[in-house]
Amino acid sequence: MARAFLFVLDSFGIGGAADAERYGDAGADTFGHIARACAEGRADRQGLRQGPLAVPNMVSLGLARAARTATGLKLDVDMPLLASSFHGAAQEVSSGKDTPSGHWEIAGLPVRFDWGYFPDTVPAFPAELTEAIIREGKVPGILGNCHAPGTGIIERFGEEHIRTGKPICYTSVDSVLQIAAHETHFGLERLYELCLTVRRLVDPLKIGRVIARPFIGETPASFQRTHNRRDYAVPPPEPTLLDRLTERGSKVIAVGKIGDIFAHRGISEVRKAGGNMAMFDKALGAMNDTGDGDLIFANFVDFDTDFGHRRDVAGYAGALEAFDRRLPEALSRIRPGDLLILTADHGNDPTWRGTDHTRERVPVIGIAPGLEGGGIGLRPTFADIGETVADHLGLAPGRHGTSFLATIGGHARTA
């Protein structure tokens, strides 16, 4: 039975990007720097974790060897590999280091055009856009209008937002316009409606995503973002792996924010939950519900939002260890003929300056019971991941990327 499971550890880069200097990220290495910090005792936190980074299950799938492929550096965390496991790294060819670019390329569609971005100025948004948001969104004004980390800007403007009803609008180095609003004082559905309006307004500017960022609490000390985030993305300009699968009648189950990233195109079913562990439960349930030719595409966002952007090394390390402890539950559901791939969409080195994503290569590790496995080397594009899934599930070749199925002992397609 041919099934495929694609798990994205959001922002879990492994360094080494050839073009990192262009993005100001030369030397960034999410995995390597977390591992080093743990080994040196700089990622200990009472009640969370201590000591060297412990991710034995991912290492047994080849994580340490993938990191060496990406950077040339050997990490002192290696161990014997599982039978039929494979490992390598992939370099992004898309122009951005953002979520849509990474995920679309993983799904076989590199982003060859340039996204629109807002300048790191105050105000960040063009006056005509701000005026349109106020007018068409039916709000008394906006707060923020700048580059900012999400938690900090809520602490700064949250009380004024509650008092005035003005939504908090902000951006980052990514192609994004984020809108934070209180779930009860402003209203969750009202926030979603506002984001839909803003999505339409920023389309001419080629902004990749508008993100609803609801929060609760009454004071800066108690403000807390909720798991009711919603992303409003531009639809992919060409068919992706997901479109190709659903068009032939296969099922694509999107776990987490995958549906939002692809503007819900090529998606059969969406399963969401709050937090990585609840998301893992959803992924396990989806694995039980898939049949021949189906794909589960899951995103585990906490690594990025809760720890990468917040530059929380201990928190990121603890999240990796928690994920790794759950991995045997997924491996126990893998049958002969299945394909499981773990990868990432970009980096977000928690030891790096600033609060933004980092340009890095990503791991491509996994298992395919019945095949030889082994090293797949450095893939020149994330699209090789999607093409390998397509090959495994019996699709004809797409326009971008090359399958590595034959490299690990599978039967390459003849189409």
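This report describes the cores, aromatic contacts, helix packing and selected loop residues of a predicted model.

## Basis of the model

Residues are numbered from 1 along each chain as its sequence is written, and side-chain values use heavy atoms, with hydrogens and water left out. In this predicted model, local features need pLDDT of at least 70 and side-chain atom pairs count only at pLDDT 80 or more, whereas totals for chains, interfaces and linings use all residues.

## Nonpolar cores

The largest nonpolar core holds 87 residues. Such a core is a set of buried Ala, Val, Leu, Ile, Met, Phe, Trp, Tyr and Cys residues joined through side-chain atoms within 4.5 Å; buried means under 20% relative accessible area, exposed over 50%, and partly exposed in between, with a 1.4 Å probe and protein chains only. The members that touch the most others are Phe7, Met58, Leu295, Phe297, Phe323 and Leu342. Helix H12 (residues 313-331) makes the greatest contribution to this core, with ten residues. Helices (H or I, at least four residues) and strands (E, at least two) are DSSP runs numbered from the N terminus. A second, separate core has 24 residues, among them Ile133, Cys169, Tyr192 and Val198. In soluble globular proteins, nonpolar side chains tend to be buried together.

Contact is defined as heavy atoms within 4.5 Å. Neighbours within four places in sequence aside, the contacts of Leu295 include Ala4, Phe5 and Leu6, as well as Leu241, Leu242, Leu245, Val389 and Leu393.

## Aromatic and charge-ring contacts

A search of the whole structure yields 14 aromatic pairs. Rings of Phe, Tyr and Trp (its six-membered ring) pair if their centres lie within 6.5 Å; planes under 30 degrees apart count as stacked, over 60 as edge-to-face and the rest as tilted. Phe7 and Phe300 form an edge-to-face pair, with 5.6 Å centre to centre and 65° between the planes. Phe7 belongs to strand S1 (residues 4-9) and Phe300 to strand S11 (residues 295-300), so this pair ties together parts that are 293 residues apart in sequence. Both Phe7 and Phe300 are buried, and they form one aromatic cluster with Phe280, Phe303, Tyr316 and Phe323.

Two arginines sit over aromatic rings. The criterion is that NZ of Lys or CZ of Arg is within 6 Å of the ring centre and within 35 degrees of the ring normal. Arg190 lies over the face of Phe186 at 4.1 Å from the ring centre, while the charged end of Arg230 is 3.8 Å from the centre of the Tyr192 ring.

## Packing of helices H5 and H7

Helix H5 (residues 127-137) packs against helix H7 (residues 183-202) at an angle of about 140°, and their axes are 10 Å apart. Axes are lines fitted to C-alpha atoms, for helices over the stretch in contact, and angles run from 0 to 180 degrees between N-to-C directions. On the H5 side the contact involves Leu129, Ala132, Ile133, Glu136 and Gly137; on the H7 side it involves Leu194, Thr197, Val198, Arg200, Leu201 and Val202.

## Backbone features

Most residues other than glycine have a negative phi, and most peptide bonds are trans. A cis peptide bond joins Val122 and Pro123, with omega about 0°; Pro123 is placed in the loop between helix H4 (99-106) and H5.

Phi is positive in His264, near 60°, and in Arg311, about 55°. His264 lies in the loop between helix H9 (258-261) and strand S10 (269-271) and is partly exposed at 44% relative accessibility. Arg311 occupies the loop between helix H11 (302-308) and H12 and is buried, with a relative accessible area of 17%.

## Selected loop residues

Glu360, in the loop between strand S12 (339-343) and strand S13 (362-367), is buried at 2% relative accessibility. The C-alpha atoms of Glu360 and Gly15 are separated by 4.6 Å, although these residues are 345 residues apart along the chain. Beyond four places in sequence, Glu360 touches residues including Gly13, Ile14, Gly15, Asp29, Thr30 and Asn348.

Asp174, in the loop between strand S4 (168-171) and strand S5 (176-182), is buried with a relative accessible area of 8%. Residues up to four places away not counted, Asp174 touches Lys97, Asp98, Tyr117 and His357. Arg42, in the loop between helix H1 (30-39) and helix H2 (56-60), is exposed at 52% relative accessible area. With the same sequence exclusion, Arg42 touches Arg36 and Ala37.
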